[in-house]
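Trainee: Before we discuss where a small molecule might be held, could you put the sequence and the structure in front of us?
Mentor: Here they are, and we can then go through the open and enclosed spaces in turn.

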Amino acid sequence: MSATTNTDPFVLAEEAAAALASAVGVERHDAAVVLGSGWGDAAAGLGTVIAEIPMSSLPGMPAPSVGGHKGTLSSLSVGGRAVLVLAGRCHYYEGHPVATVVHGVRTAIAAGCRTVVLTNAAGSINPAFGVGTPVVLSDHLNLTGASPMAGPFPSDRGSRFVDLTDAYSPRLRALAHRVDATLGEGVYAGLLGGAYETPAEIRMLRLLGADLVGMSTVLETIAARHLGAEVLGVSLVTNLAAGLSGDGLDHHDVLAAGLDAGPRMMALLRGVLEGLEGPETTM
Ligand code: HPA
């Protein structure tokens, strides 16, 4: 992470966006894609790569430490649009402050992105969603116990009480279904994580209405909605959730499922990015 003294996370995101623009030579970007565990290969072939830099070269951005997260930031041209691809993210369970967890998304939005596509690897709670299936998020349960809207909040950044009624854009969800008519939709339970869940926790999450379980995305969604960007969330089911198959859970299986599903996920992402219509929503 490059040295910085700024403690206002929004100013820090603006500084990172300015550093990004000069590092990649692209003044503004239209859309951002955050690639979760196992989604790394979905970026290959997404569009024409203009530049690629290590994420950690930008102010406030730590290098991802989890296997399957590449730690690069690429500027791509996709269907005439400037697209930022963040290959990897940092998670709350790694011990980062929430502001650091959402810094990549805030930076992308400060760089001009009005559309944010958040991808992740998830365990399936709903038997309809088998391993290797991409699922569009219809909504989420934020069970991390944290929020980017909690804590000291600058008075010049609008209301912290973000409306999350349509956290995941109905317009972008419809676009994703046009690109891939076989996609399912479900509710994502975002937990603090660090360890996988117990079977009892999975039974609880099913009662709460969750279809998918993971350790990311929800905090980034809240931060993006606060800044007025539209969010599309897509989970790749990498395993059946704890207790739902005869087997235990292993991060290597999570990454392997991502490799297998790579071509389908790349086609989905490319279709969505090419199908974006302007003008995007305004703040
Ligand atoms: N639980 C939590 N996070 C995950 C899982 C899971 O089963 N699979 C991939 N990420």
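## Cavities, pocket and ligand

Trainee: Let us begin with the enclosed space; into which classes do the residues of the lining of the largest cavity divide?
Mentor: This is a predicted model, and the largest cavity in it is lined by 13 residues, with Leu86, Gly88, Arg89, Cys90 and Gly104 lying nearest its centre. Helix 2 (98-101) and helix 3 (103-110) are the elements that give two or more residues to this lining. By class, the residues of the lining divide into eight nonpolar, three polar and two charged.

Trainee: How much space lies in the largest cavity?
Mentor: The count comes to two cavities of 30 Å³ or more. For the largest cavity, the space comes to about 100 Å³.

Trainee: Which helix gives the most to the lining of the second largest cavity?
Mentor: About 70 Å³ of space lies in the second largest cavity, and its lining has seven nonpolar, four polar and two charged residues. Of the 13 residues in this lining, Val101, Met215, Ser216, Thr217 and Leu219 lie nearest the centre. The element that gives the most, with three residues, is helix 6 (residues 218-226).

Trainee: Turning to the open space, which element gives the largest share of the lining of the largest pocket?
Mentor: The largest pocket holds about 350 Å³ of space and is lined by 25 residues, of which Ser37, Ala121, Tyr196, Met215 and His251 lie nearest its centre. The elements that give two or more residues to this lining are strand 5, strand 8, strand 9 and helix 7 (251-275). With four residues, the largest share comes from strand 5.

Trainee: How many residues of the lining of the largest pocket are charged?
Mentor: The classes in the lining of the largest pocket include 11 nonpolar and 12 polar residues. The charged residues in that lining number two.

Trainee: Which space is taken by the ligand?
Mentor: The residues around the ligand include Ala121, Tyr196 and Met215, and these names also appear among the residues that lie nearest the centre of the largest pocket. The space taken by the ligand is indeed the largest pocket.

Trainee: Which element gives the largest share of the shell around the ligand?
Mentor: The residues around the ligand are Ala121, Ala122, Gly123, Tyr196, Glu197, Val213, Gly214, Met215, Thr238, Asn239 and Leu249, and by class they divide into six nonpolar, four polar and one charged. The ligand takes the space of the largest pocket. Two or more residues of the shell come from each of strand 5 (115-124), strand 8 (212-214) and strand 9 (230-240). The largest share, three residues, is given by strand 5.

Trainee: How much of the accessible area that the ligand has on its own does the protein cover?
Mentor: Among the polar contacts, a backbone N or O atom of Ala121 lies 3.3 Å from a nitrogen atom of the ligand, and a polar backbone atom of Gly123 is likewise 3.3 Å from a ligand nitrogen atom. A polar side-chain atom of Asn239 lies 2.7 Å from a nitrogen atom of the ligand. Of the 260 Å² of accessible area that the ligand has on its own, the protein covers 95%.

Note on methods:
Residues numbered from 1 in each chain as written. Predicted model: local features only at pLDDT ≥ 70, side-chain atom pairs only at ≥ 80, totals over all residues. Heavy atoms only, no water. 1 Å grid on protein atoms, 1.4 Å probe; cavity = no way out; pocket = protein on both sides within 12 Å on 5 of 7 lines; lining within 4 Å. Points joined across faces, edges and corners; volume = space filled by probe spheres on them. Nonpolar A, V, L, I, M, F, W, Y, C, P; charged D, E, K, R; others polar. Near = heavy atom within 4 Å. Polar contact = N/O pair within 3.5 Å; in protein donor to acceptor, adjacent residues only side chain to side chain. Areas by Shrake-Rupley, 256 points an atom, 1.4 Å probe, with all protein chains shown as cover. Sits in = over half its atoms within 2 Å of the grid points.
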